[in-house]
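Colleague: I would like a close look at one part of this model, the place where two helices meet around a single side chain. Please take it slowly, since I am still learning how such descriptions are built.

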Amino acid sequence: MAPSGRKSAGKPAKVAKKTTTDAAEKTKKKKPTRSYKTYIHRLMKKGSHGNKITTKGMVIVNSFVTDLFERLAAEASRLNAHAGTKTLSSAAVIAAVKLQLPSEMAKQALTQGAKAVGQYTKTMAAQQKSSGKKKSGKKASK
């Protein structure tokens, strides 16, 4: 028999359907990477008189800070695991700094860290105090 112009009445041809995973893969965003570049720029501006840093230098300093952070976090985590606690304590962070950095650098880092925590605490107390006055003023007017 000669083939007719009709298509077979059997099963229709399968059409590839787009799944939700295909659509999700196309719109999937890249995970942001942690960068300390803005903080390094602030320190450069604050500490020196108009000194600049090259892009290559910034990449090097950023990788140094990232590596140091990762080493300190890993050491503090190991100390916590050794102590059998789940919560990271300030004592574990202090011990990690003392173990990872040379003695004079560790002393300087701990001094600056304590100073920064003190300033933060003072600022937060002042903000709470000022917000407390506003709330008490509203209560008194009612």
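What relative accessibility does Lys37 have, and how does Lys37 count on that basis?

Modeller: Lys37 has a relative accessibility of 36% and therefore counts as partly exposed, a class that lies between buried (under 20% relative accessible area) and exposed (over 50%), worked out with a 1.4 Å probe on protein chains only. Please keep in mind that this is a predicted model, in which local features need pLDDT of at least 70 and side-chain atom pairs count only at pLDDT 80 or more, while totals for chains, interfaces and linings use all residues. Residues are numbered from 1 along each chain as its sequence is written, and side-chain values use heavy atoms, with hydrogens and water left out.

To see where Lys37 sits, begin with the whole protein, which has 5 helices and 0 strands and reads α-α-α-α-α along its sequence; helices (H or I, at least four residues) and strands (E, at least two) are DSSP runs numbered from the N terminus. Of the 142 residues in the protein, 11% are buried. Among contacts between residues at least 6 apart in sequence, 30% join residues at least 24 apart, where contact means heavy atoms within 4.5 Å.

Lys37 belongs to helix H2, which covers residues 37–47 and packs against H3 at an angle of about 110°, with the two axes 10 Å apart. Here the axes are lines fitted to C-alpha atoms, for helices over the stretch in contact, and the angles run from 0 to 180 degrees between N-to-C directions. H2 and H3 are therefore roughly perpendicular to each other, the word used for angles of 65 to 115 degrees, whereas angles under 35 count as roughly parallel, over 145 as roughly antiparallel, and the rest as oblique.

From H2, the residues that make this contact are Lys37, Ile40 and His41, and from H3 they are Met58, Val61 and Asn62. By class, the contact has 3 nonpolar, 2 polar and 1 charged residues, with Ala, Val, Leu, Ile, Met, Phe, Trp, Tyr, Cys and Pro taken as nonpolar, Asp, Glu, Lys and Arg as charged, and the others, Gly among them, as polar.

If we set aside residues up to four places away in sequence, Lys37 touches Met58 and Asn62. The C-alpha atoms of Lys37 and Val61 are separated by 8.5 Å, although the two residues are 24 apart along the chain.

Seen from the other side of the contact, Asn62 is a residue of helix H3 and counts as buried because its relative accessibility is 12%. With residues up to four places away in sequence again left out, Asn62 touches Arg34, Ser35, Tyr36, Lys37 and Ile40, and Lys37 and Ile40 are also among the H2 residues that form the helix contact.

Further along helix H3, two other residues help to complete the picture. Arg71 is in H3 as well, and at 33% relative accessibility Arg71 counts as partly exposed; its C-alpha atom is 9.4 Å from that of Val97, a residue 26 places away in sequence. Asn80 is also found in H3 and is buried, because its relative accessible area is 7%. Beyond its neighbours within four places in sequence, Asn80 is in contact with Thr85, Lys86, Thr87, Leu88, Ser89 and Ala92.
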